[in-house]
Every structure is written in C-alpha cells, then in structure tokens.
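Please open the structure in your viewer and keep the selection tool at hand. The stops below each say what to select and what is there.

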Amino acid sequence: MIKNYLKNTWEGLYTVFVGMKITWKHLFVPSVTLQYPEERAKLPERARNRLFLNYNDCIGCMQCATACPVNCIEIETVKGIPTDMPDPTSKGQKKALWVTKFDIDTGKCCFCQLCVFPCPTEAIYMTDIYEYSEFDRDNLVYNFASLTQAEVKEKQDNFDKFQAEKEAQKVAAAKAKAEADAKKAAEDKAKSEIKPSDDEIKE
Ligand code: SF4
Ligand code: SF4
C-alpha cells in the first residue's frame, strides 16, 4: 500500500518535472509567432499582391488588358492631336494617346501577373500591399487615370474637331482635284477641236 503510494507520488513528480523541462527549454527559444498586425512577416521577393499603375508612364497600348485572363483591366483612350499631345513617359517614350480611363477591378484579379510582363514601359507592377479588404466590392475597383471628366471631354472634343477639319480638308482637296481635272479635260477637248485634221492639211 505504502509502496504504491510512493510510486504514484514519484510518477506524478516525474511527469511534472518532464513537462517543466520542456517549458523551460522553450523560454530560451526565439518565438515563431508574430504579433500581427504590429509585426508582419517579410514577403518573398517575388510575392504577388495588389497591382499599381504608374499612370504617367502608361502609353495606353492595351497590352496588359489584352493579356488579362479575367478581363479585370478596363482602359479607354483618346488620340492626341499635334497641338495637344501627352507628355512622354519618365524614360522618354513618346505617347500618342491620352489614357482617359484605367480601372483595375482587384476583386476579380487572380494575381497571375500576366499583365505585368508585356508592358513596354513597366508602368504596371505588383506592390507589397496585400491588406486591402473592403465591405463594398465597388471599392476594390481602383481608378488610376488622373484626368477629370471635363478634361476627358475636352480631349475628345479636340480630337473630334481635328478629325472633322482633316475630313473637310480631304473633301476640299478632292473637290479641287476634280475641278482641275475637269478644267484640263475641257481644255484638251477645245484644243483637239481647233486642230486641223491630216486631210485638211494635205488639201
Ligand atoms: S494579375 Fe492577372 S488577373 Fe490580375 S489584372 Fe493582371 S493579368 Fe489580370
Ligand atoms: S501595357 Fe503598360 S503601357 Fe500598355 S496600357 Fe498597360 S500599363 Fe499602359
């Protein structure tokens, strides 16, 4: 009876000792948990997160939107006119288009990064931002174009006017050419009528 009591007591103390040994050991091991959000894990070098567009470097070529498998990039452009062209990119590439709309619906984005590789100006790229949850899905659509509605209308009106003027010039040139051709034909006809025939010359 006493023997059992002592044996149970020893086993109890022994298991406590073993447990405490493990506990004490971990007191001196660095912690593996992070106190998020105060602490954050370092992201891998090629981590894919939220996209960003450097609007000033975008030439509106649409290659990113064409490559996107889920159609979550929407771009609209207006052609520049000689008197109102956009500034070149930061690397000096010329722009022919005003980018009037550049929206990315990050709620649809699958982070495949296929839009990043074809960009000729490196204007679109992944950031290290991964915390951007929203209650309203509409807030996940990011608008990067910086032109106001009034500026977009102005660019469109300028282009329409430029096109109309070009068209009018073409019509005027075609009309002038037709008139010149008709005049020349009339002159040629008149000359042929007053020119004597070979028989008349022989007589
Ligand atoms: S990462 Fe993929 S899904 Fe997201 S916008 Fe780019 S191409 Fe589209
Ligand atoms: S591929 Fe680059 S330059 Fe072309 S529209 Fe997309 S972001 Fe702009």
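Begin by selecting strand 3 (residues 97-105) and strand 5, which pair in the antiparallel sense over three bridges. Two strands count as paired if DSSP finds at least two bridges between them. Helices (H or I, at least four residues) and strands (E, at least two) are DSSP runs, numbered from the N terminus. The model is predicted: local features need pLDDT of at least 70, side-chain atom pairs count only at pLDDT 80 or more, and totals for chains, interfaces and linings use all residues. Residues are numbered from 1 along each chain as its sequence is written, while chains are lettered from A and ligands numbered from 1 in the order in which they are written.

**The sheet**

Stay with this pair and pick Asp103, which stands opposite Asn143 in strand 5. Next pick Asp105; Val141 in strand 5 is its bridge partner. Now add strand 2, which runs antiparallel to strand 3 and is joined to it by seven bridges. Asp103 appears again here, as the bridge partner in strand 3 of Glu74.

With these strands selected, in what order do they lie in the sheet? The order is 2-3-5, in an open sheet of three strands with antiparallel pairing. Strand 2 (73-79) and strand 5 (141-143) are at the edges with a single partner strand each, so one side of each has no neighbour in the sheet. From one strand to the next, the twist averages 15°. Strands of a sheet pair through backbone hydrogen bonds, either parallel or antiparallel.

Add helix 3 to the selection: it packs on the sheet, touching strand 2 and strand 3, and its direction makes about 45° with that of strand 2. Touching, or contact, here means that the C-beta atoms of two residues, placed from the backbone, lie within 7 Å. Axes are lines fitted to C-alpha atoms, for helices over the stretch in contact, and angles run from 0 to 180 degrees between N-to-C directions.

**The helices**

Select helix 3 on its own, residues 149-194. From its first C-alpha to its last, this helix of 46 residues reaches 67 Å, close to the 68 Å expected at 1.5 Å a residue. The expected span is 1.5 Å times one less than the number of residues in the helix. How many of the 46 residues of helix 3 are buried? The count is one, and the helix is hardly covered. A residue is buried if 20 or more other C-beta atoms lie within 10 Å of its own, exposed if 12 or fewer, and partly exposed in between, with C-beta atoms placed from the backbone.

Within helix 3, pick Ala178. Ala178 has 10 C-beta neighbours inside 10 Å and so counts as exposed. Draw a distance from its C-alpha to that of Thr83, 95 residues apart along the chain: the separation is 31 Å.

Move to helix 1 (residues 2-27), which has 26 residues and spans 37 Å from first C-alpha to last, close to the 38 Å expected. The number of its residues that are buried is zero, so helix 1 lies largely in the open.

**Loops with backbone features**

In the loop between helix 1 and strand 1 (51-53), find Pro37. The peptide bond from Tyr36 to Pro37 is cis, with omega near 5°.

Asn71 is in the loop between helix 2 (63-67) and strand 2. Its phi is near 50°, a positive value in a residue other than glycine. Asn71 is exposed, with 10 other C-beta atoms within 10 Å.

Go on to Phe111, in the loop between strand 3 and strand 4 (124-126). Phe111 is not a glycine, yet has a positive phi of about 60°.

**The ligands**

Select ligand 1 and the 14 residues around it; Cys68, Cys109, Cys112, Leu114 and Cys115 come nearest. A residue is near a molecule if its C-beta atom, placed from the backbone, lies within 6 Å of it. This shell divides into 13 nonpolar residues, one polar and no charged. Ala, Val, Leu, Ile, Met, Phe, Trp, Tyr, Cys and Pro count as nonpolar, Asp, Glu, Lys and Arg as charged, and the others, Gly among them, as polar.

Leu114 touches Ala67, Cys68 and Pro69, not counting residues up to four places away in sequence.

Finish at ligand 2, where Cys58, Cys61, Gln63, Cys64 and Cys119 come nearest among 15 surrounding residues. Its shell has twelve nonpolar, three polar and no charged residues.
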